[in-house]
Structure formats: structure tokens, C-alpha cells
Amino acid sequence: MTACWTTLSGTTIGSVHVRDQLPIQDAVLTWSDLASGQAVIAVADGHGHKLHFRSDTGSALAAVSAVEVLRRMLPELGALDGPDNGEAALDLLSRTAASLVDTWVAKVTHHLEANPYSPAEVEAGAAGDPLRAYGTTILAAAAVGDLIAFLQIGDGDSVLVSAHGEASRPLPEDPDLDGLHTTSLCQPRPLDALRVAVVDARVDDVALIFLCTDGFGRPRVDADGWWRETGEQLLEFSRTRGLNWIRDQLPEWLAEPARIGGDDTTMALMVRSDVDGISRPDLADTLPAPEVADDA
Amino acid sequence: MSDRLGGALARKPLHFIFVLDVSGSMMRGGRIQALNNAITEVLPHLRDEARANPHAELLIRVLAFANEPQWIIEEPTPVDQVHWKRLEAVPRGFTELGSALQALAGALDHLEENNSAFPPAIILVSDGRPTQSSGVTFAEGLQALLNNRWGATAVRLALGVGRDADMHSLRRFIGDEEVPLLRADNPEQLVEYIVWASKAASKVASRPVVGPGSGVTAAPPAPIGDPIWSTLA
């Protein structure tokens with residue numbers, strides 16, 4: 001039986017951005033196809049600093065770009081399902097990430113052409129580094145059959161949870177994350193900060209994955225273990241309360257850390273529907289995503 | 001199993017540390033009185049900052065140094081509970097800044113190991129060239145601070161007092177050429193600059209994580225009054 005993936009997501013503005021009268025800087029976009037069982041989720045965290053004064057747009061464009069390029073990649077990734085294809089899958093994902101960066105830059109450039117920097121913004125140096133104003137992270141995951149691809153630039157958390165409730169982080173640490181600054185799509189050579197992984201859901205017995213911006217985890221008392229607890233809970237809730245209940249709870253789950261921690265808080269989930277106890281693939285909250293070009 | 005996803009939440013501490021020069025030269029021209037006045041005046045501003053940043057628990061510490069470092073407020077103290085007792089300068093006291101930074105690095109060793117705090121904000125005020133009469137050199141003390149994870153990521157600001165302040169050392173302490181380095185030449189400027197630095201450091205240290213190249217960007221106040229400390233013999 002081909003695995004079928006369901007997506008859920010939510011996002012809430014942080015109290016610091018409410019105080020500073022800034023729009024929400026996070027973005028989230030999901031896509032899934034019931035017929036094929038494929039899904040893509042993406043979250044992005046715009047930097048929200050005066051130097052990154054268009055980062056709300058930057059994060060939205062990042063999420064759109066990620067869903068666009070990952071959707072395009074899925075057929076090729078699915079064809080690599082099999083033994084000894086791990087390197088080829090990682091190579092495909094790295095090329096897709098490069099395409100994501102190119103797509104994001106193209107969308108930012110297009111937006112900038114339509115909305116040029118003001119003389120004051122140019123005076124402040126925006127034109128010298130035109131991407132900086134749009135600075136954002138990007139976290140994305142895509143599933144086709146039993147293969148799940150992860151890519152990430154910047155902070156935030158990508159977590160997978162096994163059918164036994166064990167959570168793990170599929171991506172390596174980013175040594176440049178110091179708790180004060182994050183790596184970013186707007187930096188020179190953003191691919192230097194790219195982290196990728198391809199996971200076989202059968203090997204790792206994956207039941208669900210979640211991506212979240214750092215606003216969800218940073219205010220946790222258990223700074224080292226919150227993501228394990230979150231994964232265990234999400235699986236348990238999926239089985240005992242159902243995905244409808246999770247969807248209803250997401251706004252409050254995100255509002256509390258956004259209020260206490262101050263930062264925008266966003267989460268996207270991808271749940272495998274054929275895991276014992278979970279069988280509701282009809283609840284996907286997929287948002288309209290840009291159509292993939294016919295020649296893609 | 002709790003219905004709250006992800007476990008308990010808490011405001012993160014923001015450690016705000018003043019490192020203050022009380023060497024013998026601070027007795028000249030009313031500098032130590034001006035420094036005391038400046039700290040007294042900055043506290044209400046920090047209380048305002050604390051109220052404006054409910055997601056951060058602003059905790060104050062004060063380290064003074066002359067011949068040796070001495071914690072004036074050693075325990076991280078909520079800003080609402082800080083009652084300032086006036087500092088005295090040490091007659092003929094040296095400027096053992098290296099030892100002070102080493103002591104500061106030692107204190108930061110005891111901070112949380114994980115990401116459960118904001119990067120500390122450190123404000124250094126000094127009127128002279130660092131000496132090495134007994135402890136470590138300035139370079140060694142600075143290196144000890146930068147070897148500490150929290151010291152390296154801290155928002156570090158510095159203010160020179162008068163014309164003898166070693167602006168080169170203070171710049172090395174800040175470490176970021178983009179961050180303003182100010183020199184106060186009269187009591188009014190010292191107050192203005194400490195208030196500015198405190199608010200700027202608080203804002204930067206307590207904000208959500210930002211992108212590359214986003215340091216202190218608030219413009220410092222323009223100089224006011226006469227430069228009396230730079231004309232004193």
C-alpha cells in the first residue's frame with residue numbers, strides 16, 4: 001500500500017511583533033494530493049528586524065518557493081525509492097535546494113521591481129544588499145511514498161516521530177546558529193548553510209513529522225527535550241483524539257508560546273495515514289499552492 | 001498526558017551586567033559621582049524596558065573593578081528589586097580590566113548551558129587604560145570572556161569617560177565595528193549614553209533571533225554640554 005500523507009498547519013503572531021506593530025513575519029504553506037498520497041510542507045521565519053524590513057514578504061515567498069520546487073521534485077524522488085539510491089536522492093535534494101534559492105531570489109527580485117526601495121531605504125543601504133530586507137529562514141519537507149525529504153536553512157526545528165513515539169531530528173546541527181543570529185536565505189552563499197536529509201519511512205518507522213519556527217521551542221522550560229515531548233504528544237493525540245482535534249487545538253498551542261516567548265510561532269505537520277490508529281487522510285488543510293508549470 | 005503541547009513555558013532571563021571602572025582616576029572631575037547618578041537614572045529606564053518586554057525577565061548584575069574586580073550585585077536581581085548604593089572610587093586604584101573580564105567570564109560559566117536565556121547584555125564603563133598590576137592582562141581577560149559561549153554571543157557595549165579612556169581597548173571589547181563606541185566628556189553625556197546603551201542593549205538582546213549583520217542599529221544621542229572631562233589636566 002502506498003503511504004498517504006496528511007498535512008496540518010497553524011501560525012500565530014508573537015507578542016513582540018504585536019508590541020512593535022509589525023506584521024507576522026512567519027509563513028507556512030502546505031500541499032497534499034489525496035490521489036497520490038504525496039505532500040509538501042514549508043515554514044519560514046522572516047527576521048523581523050529593521051534591516052530586514054520586508055521579511056514578512058521574504059518568508060511568504062520562501063514558503064511558496066519551497067512548495068513549488070519540492071512538488072516539482074517529487075516524481076523524480078519517488079523514482080529513486082529503492083536500495084542504494086541514498087546518494088542519488090541527496091544529490092537530487094541538494095539540486096532542488098539550489099533551485100529553491102534561485103526561485104526565492106527571482107521572486108524577491110520580481111517583488112522588488114514592482115516595489116522599489118524608497119530613497120530613505122536606499123539611503124539606509126537597502127540597495128547595496130537588495131536581498132537583505134527580505135531575510136528569512138526556510139524549513140521544508142516533502143513525502144512521496146515512503147521517502148521523506150527534508151531541507152532547512154536557518155533556525156527552527158525539523159522533527160520526525162516513529163510509530164513508537166520516538167522523536168528524532170533528521171538534520172545535522174547548524175554550527176553557525178548562536179542563539180542571537182540565524183543563517184538565512186538572504187546571506188551570501190545561502191547554500192553553505194543548507195542542511196538536507198532523505199529518510200526512508202519504512203526503515204525509521206515514521207508516523208509523522210513536524211516543522212516549527214524557533215518561536216515554538218525557545219520559551220520551553222525543557223530546552224533540550226521539548227521536541228521529543230512534542231513528537232510523542234502529537235502521535236498520541238493523533239491516535240486518541242484524532243487529527244480534527246489537533247487541528248482545533250493548534251491555534252491555542254501556538255498562541256501560548258507566541259505570547260510568552262514573544263516571537264511568531266508556526267508549525268506544520270505531515271501525518272502518515274496508514275499508521276496504526278491514524279486513518280484520516282481527508283483532513284488536510286492544504287492551502288492553494290502555485291500550479292507547477294506544465295513542462296516541469 | 002497533558003493537553004498542552006510541548007511542555008511548560010517560561011519567560012527567558014535577560015542578564016544585564018554593568019562592568020564599572022572605580023579606579024583612582026574616577027575621583028577626578030566628579031566622574032564617580034556622575035557614574036552613580038547615571039546608574040541611578042538608568043534604573044527607571046530599565047524598569048520601563050522590562051515592562052515593555054514581558055517575554056524577558058530582566059536581571060541585573062554589577063561588577064566594579066579597580067585593583068581587583070568586586071561584585072556589587074552578584075546575584076542576578078530583578079530590576080524592580082535593585083536599590084543602588086553609591087560606589088566609591090578606590091584612591092590610587094588601578095584599572096585591572098583584564099581581571100574584571102576574567103571574573104565576568106567565570107560568572108557566565110554558571111549561566112544556563114542551553115538556549116533557555118537571551119544572550120547577556122554587558123555594558124562596560126571605563127576612564128583609563130587597562131593596567132596589569134596583579135592579575136591577567138586585558139587581552140587575556142577579553143579572551144577568557146570570548147571563550148565563554150555567553151560572553152561571545154553577548155551584546156557588548158562600552159562607554160569611555162574623558163580623554164584618557166582607552167578607546168582602542170573598548171573597541172576590542174565591543175568587537176563589532178558597526179556598534180557605536182561613545183566617549184562621555186561631561187556628566188550629562190554619561191547619563192545620556194548609559195541610558196542609550198542600556199536601552200539599545202536591552203532591545204537587541206531580548207528580541208527574537210534575527211538574520212546576519214543585525215547588530216545594534218539605534219543611533220546614539222548627539223553630544224550635549226561642554227567636554228569638561230577632556231579639558232581637565
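Here are some numbered notes to help you find your way around this predicted model of two chains, A and B.

1. **Confidence first.** Since the model is predicted, it helps to begin with pLDDT. Chain A has a mean pLDDT of 91, and 94% of its residues reach 70 or more. Among the elements of chain A, strand β4 (residues 138-144) has the highest mean pLDDT, 98, while helix α1 (residues 15-19) has the lowest, 86. Please take care with residues 286-290 of chain A, where the pLDDT is below 50. That stretch does have 11 contacts in the model beyond near neighbours in sequence. Where pLDDT is low, the predicted coordinates should not be read in detail.

2. **The annotated domain.** The UniProt record, an unreviewed entry, lists residues 13-254 of chain A as "domain: PPM-type phosphatase". Over residues 13-254, chain A is 41% helix and 21% strand. The C-alpha atoms at the two ends of this range are 9 Å apart.

3. **Strand β4 of chain A.** This strand is a good place to start looking. How many of the residues of β4(A) are buried? Seven of its seven residues are, so the definition of buried is met throughout: each has 20 or more other C-beta atoms within 10 Å of its own. In a regular strand the side chains alternate between the two faces of the sheet. In β4(A), A:Ile138, A:Ala140, A:Ala142 and A:Val144 point one way, and A:Leu139, A:Ala141 and A:Ala143 point the other way. Both sets are buried.

4. **The partners of β4.** Strand β3 (residues 38-45) of chain A pairs with β4(A) in the antiparallel sense, over five bridges. One pair to look for is A:Ile41 with its bridge partner A:Ala141 in β4(A). Strand β5 (residues 147-153) of chain A also pairs antiparallel with β4(A), here over seven bridges. In that pairing, A:Ala140 stands opposite A:Leu151 of β5(A). β4(A) and β5(A) form a hairpin with two residues between them. A:Gly145, in the turn, has a positive phi of about 60°.

5. **A five-stranded sheet.** Chain A also has an open sheet of five strands in the order β1-β10-β9-β6-β7, with antiparallel pairing. Which strands lie at its edges? They are β1 (5-12) and β7 (167-168) of chain A, each of which pairs on one side only. Helix α8 (residues 243-261) of chain A packs on this sheet and touches β1 and β10 of chain A. The direction of helix α8 makes about 30° with that of β1(A). Within the sheet, strand β9 (residues 206-212) and strand β10 (residues 265-272) of chain A run antiparallel and are joined by five bridges. For one example, follow A:Leu208 to its bridge partner A:Val271 in β10(A).

6. **Two residues with positive phi.** A:Arg189 and A:Asp205 are worth a look in the backbone. A:Arg189 is not a glycine, yet it has a positive phi of about 50°. You will find A:Arg189 in the loop between β7 and β8 (195-200) of chain A. A:Arg189 counts as exposed because it has 8 other C-beta atoms within 10 Å, and the cut-off for exposed is 12 or fewer. A:Asp205 also has a positive phi of about 50° without being a glycine. The place of A:Asp205 is the loop between α5 (201-204) and β9 of chain A. Is A:Asp205 exposed or partly exposed? A:Asp205 has 15 C-beta neighbours inside 10 Å, so it counts as partly exposed.

7. **A:Glu236 and A:His164.** A:Glu236 lies in helix α7 (residues 226-240) of chain A. With 14 other C-beta atoms within 10 Å, A:Glu236 is partly exposed. The C-alpha atoms of A:Glu236 and A:His164 are separated by 9.6 Å, and the two residues are 72 apart along the chain.

8. **Chain B and the contact.** Chain B has seven helices and six strands. From the N terminus on, its elements run β-α-β-β-α-β-α-α-β-α-β-α-α. Of the 233 residues of chain B, 52% count as buried. Among contacts in chain B between residues at least 6 apart in sequence, 82% join residues at least 24 apart. Where the two chains touch, the contact takes 42 residues from chain A and 26 residues from chain B. The side of chain B that touches chain A has 12 nonpolar, 11 polar and three charged residues.

Definitions and conventions:
Residues numbered from 1 in each chain as written. Chains lettered and ligands numbered in written order. Predicted model: local features only at pLDDT ≥ 70, side-chain atom pairs only at ≥ 80, totals over all residues. UniProt positions renumbered as here; feature names shortened; annotations may be inferred. Helix = DSSP H or I, 4+ residues; strand = E, 2+ residues; numbered from the N terminus. Contact = placed C-beta atoms within 7 Å. pLDDT = per-residue confidence, 0-100. Nonpolar A, V, L, I, M, F, W, Y, C, P; charged D, E, K, R; others polar. Pairing = 2+ DSSP bridges. Axes fitted to C-alpha atoms, helices over the stretch in contact; angles between N-to-C directions.
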